[in-house]
Amino acid sequence: VTTELDEIRAFRAEDAHVDHDSQAAARARLLTAIAANGRRSGRSRRPSWRPRSRTGQIARVIGHGARTLPIAISVAVVAAVVVVGFALHHANRGSSAASEPGSAQLKSILGVLRGPQTAAAKAFHHTGWPEVGFPKSYRRAGGHLRPDRAMIRFATLTPWGAKVFVVPLNPPSNRIVACRNGVTKQSVAVWVQGLGWSEFNFAANIEQGEAGGPGGLIPGPGHMYGWVELVPDGVAKVRFLRVHSLPRLGEPLKVTGTITAVVHNNIASFRVRSRGVRLESWYNAQGHLIKHVGGDWDMYKYVDGRYISKPYSSPLPARPSAQCR
Amino acid sequence: VSAVPSDAELIHASRLEPEAFAPVFDRHYPAIAGFLRRRLDRSLADELAAETFLRAFAARGRYDRSRADARPWLFGIASHLLARAQRSEVRRLRALARDHQGVVNEDELEGIDARLDDRDVLLLYAWAELTYEQIADALDIPVGTVRSRLSRARGVVRQQLQDAAVSQPLTITRREDSE
């Protein structure tokens, strides 16, 4: 009995015969591929005096064979990228970010931030933090203000020999927290050896003369009060007027003393024997008045030759803008 | 323990010693080439047979060592290459049908794609003498699908034989014959 399968099996059966020449040709193609594969994998039947490469050893340990070599290299490259990325990530945590909002604005008005970072500034986070810690206001402002380490600069020495550092502070990385506390831009603070931290200020605060401090009793003998102020570029001298009390509106100002501080790296500093109300004026390098600004304990505005009181302008950030909502 | 290494052992050994793949070629080339020659013209069949082993050699690292017999794997590669060649042939015929109305009847081409799958199963069973499981392995389809396709293909052949219409059973013809 012949089935359909028998018919199929018999169909063109003679064509299934394979001649020697075609098989030899196909074999030659395969052997060529085999030889090429052997060359690619670096195999050599000759013993070599050269020590086996570390990469080859790794490849053999991982999985033997030529195919594992590229895999081993890929794994090594990926691992290296991960390690480097991890290290960079941690190195940059809370540190410089060129795109940090407000950073460019601060740099544009503070020449000290445009200068190189000294070794002392690089090591500042190891020395400044443990000594005094962060002010409470930094924690209030979202609790996440962190120094931009790459932007910390050593500014100057005060007349009493204390080191002054200018420390930009990054806003909280959490956008919601930053918006809720109105700290969406980079700010800057001043740290003075022995006196601690100033408040943090934005560029606008600095330009308005509100970036005073820190101030206080200078450690050591003499019982003197020190004062440090951060001023924008262009201010070469700051003239501090010391008054016992501020006049009523319309009455002349009774100045009891004058102190002029030379600005170095955006820092003006002086010391006095007693505390009191201070008013100040900014002058450029040619000695021309730039403007009158307020003092540290109270703020007064100099208008038409008179000082008038104005609402205290807190260095703390303004309310969240509509952009944050 | 057999003194003759299995296909799986040779293929595994060829990962370190590529020359070990050569015996696999010697064992199975006649079957693969013969199968293809019965389905295609000689030159194209030889080309695809050589290509089958080149692809197998390139993919030897992925071979399942639990499969001692490499025939299903090799026939699977050959069937894939064959199907690709046939699809391009069908496309060529369709283009010919569009450009030269009447030379090739496009209606006759409609059922080719569907019949190709059934025919692969039938010929792997009848010519390559693979089992259902090996066909399923070669074509990467379930065994139940193999059974159904084989049954359908055998039914078609049986019907055509009964009708004595053996001139075009499942279009098992030479390529030059179909032009």
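Leaving aside its neighbours within four places in sequence, which residues is A:Val192 in contact with? Let me start there. This is a predicted model, so everything I show is computed from it.

A:Val192 sits in strand S4 of chain A, which covers residues 187-192. Its relative accessible area is 0%, so A:Val192 is buried. Now the answer. Beyond those sequence neighbours, A:Val192 touches A:Thr158, A:Trp160, A:Ala162, A:Lys163 and A:Val164. A:Pro214 and A:Val228 are on the list too. Look also at A:Trp227. A:Val192 and A:Trp227 are 35 residues apart along the chain, and their C-alpha atoms are separated by 9.6 Å.

Step back to chain A as a whole. Chain A has 11 helices and 14 strands. Of its 325 residues, 40% count as buried. Take the contacts in chain A with a separation of 6 or more. Residues 24 or more positions apart account for 59% of them.

Next, the cores. In soluble globular proteins, nonpolar side chains tend to be buried together. Here, the largest nonpolar core has 53 residues. Which members touch the most others? From chain A, that is A:Ile8. From chain B, we have B:Phe21, B:Tyr29, B:Phe35, B:Leu36, B:Trp73 and B:Leu74. Apart from that core lies another, of 23 residues. A:Val192, our opening residue, is among its members, along with A:Leu110, A:Ala155 and A:Leu230.

Stay with B:Leu36 for a moment. Leaving aside neighbours within four places in sequence, B:Leu36 contacts B:Ala45, B:Leu48, B:Ala49 and B:Thr52. B:Ala78 and B:Leu82 complete that set.

Several of those partners belong to helix H3 of chain B. In H3(B), B:Ala45, B:Leu48, B:Ala49 and B:Thr52 are among the buried residues. So are B:Asp46, B:Ala50, B:Phe53, B:Leu54, B:Ala56 and B:Phe57. How far apart are the end C-alpha atoms of this helix? They are 24 Å apart. H3(B) has 17 residues, 42-58, and at 1.5 Å a residue it should span 24 Å, so the two values agree.

On to charges. Side chains of opposite charge can pair when their charged atoms come close. The structure holds 13 salt bridges over all chains. One of them links B:Arg37 to A:Asp19, with the closest N and O atoms 2.8 Å apart. Why does this pair join two chains? B:Arg37 lies in helix H2 of chain B, residues 22-37, while A:Asp19 lies in the chain A loop between helix H1 (4-10) and helix H2 (20-40), so the bridge runs from one chain to the other. Are the two ends buried or exposed? B:Arg37 is buried, at 3% relative accessibility. A:Asp19 is partly exposed, at 25%.

B:Arg37 has a second partner. Its side chain also meets that of B:Asp46 in a salt bridge, 2.9 Å from N to O. B:Asp46 counts as buried, at 17% relative accessibility.

Compare another pair in chain B. B:Asp64 and B:Arg67 form a salt bridge, with the closest N and O atoms 3.6 Å apart. Here B:Asp64 is partly exposed, at 35%. B:Arg67 is partly exposed as well, at 36%. There is also a network of salt bridges. It links A:Arg29, B:Glu47, B:Glu51 and B:Arg55.

Now a helix pair in chain B. Helix H7 covers residues 132-139, and helix H8 covers residues 143-162. Their axes come within 8 Å and cross at roughly 105 degrees. That makes H7(B) roughly perpendicular to H8(B). On the H7(B) side, the meeting residues are B:Tyr132, B:Glu133, B:Ile135 and B:Ala136. On the H8(B) side, they are B:Val143, B:Val146, B:Arg147 and B:Leu150. Within H7(B), B:Gln134, B:Ile135, B:Ala136 and B:Ala138 are buried.

Last topic: backbone angles. Most residues other than glycine have a negative phi. B:Asp140, which follows H7(B), has a positive phi near 60 degrees. B:Glu129 has a positive phi too, about 55 degrees. B:Glu129 is in the loop between helix H6 (112-126) and H7 of chain B. With a relative accessible area of 54%, B:Glu129 is exposed. In chain A, A:Asn265 has a positive phi near 55 degrees. A:Asn265 is in the loop between strand S9 (255-262) and strand S10 (267-272). At 33%, A:Asn265 is partly exposed.

Conventions: Residues are numbered from 1 along each chain as its sequence is written. Chains are lettered from A and ligands numbered from 1 in the order in which they are written. This is a predicted model: local features need pLDDT of at least 70, side-chain atom pairs count only at pLDDT 80 or more; totals for chains, interfaces and linings use all residues. Side-chain values use heavy atoms; hydrogens and water are left out. A nonpolar core is a set of buried Ala, Val, Leu, Ile, Met, Phe, Trp, Tyr and Cys residues joined through side-chain atoms within 4.5 Å. Buried means under 20% relative accessible area, exposed over 50%, partly exposed in between (1.4 Å probe, protein chains only). Contact means heavy atoms within 4.5 Å. A salt bridge is a side-chain nitrogen of Lys or Arg within 4 Å of a carboxyl oxygen of Asp or Glu. Helices (H or I, at least four residues) and strands (E, at least two) are DSSP runs, numbered from the N terminus. The expected span of a helix is 1.5 Å times one less than its number of residues. Axes are lines fitted to C-alpha atoms, for helices over the stretch in contact, and angles run from 0 to 180 degrees between N-to-C directions. Angles under 35 degrees count as roughly parallel, over 145 as roughly antiparallel, 65 to 115 as roughly perpendicular and the rest as oblique.
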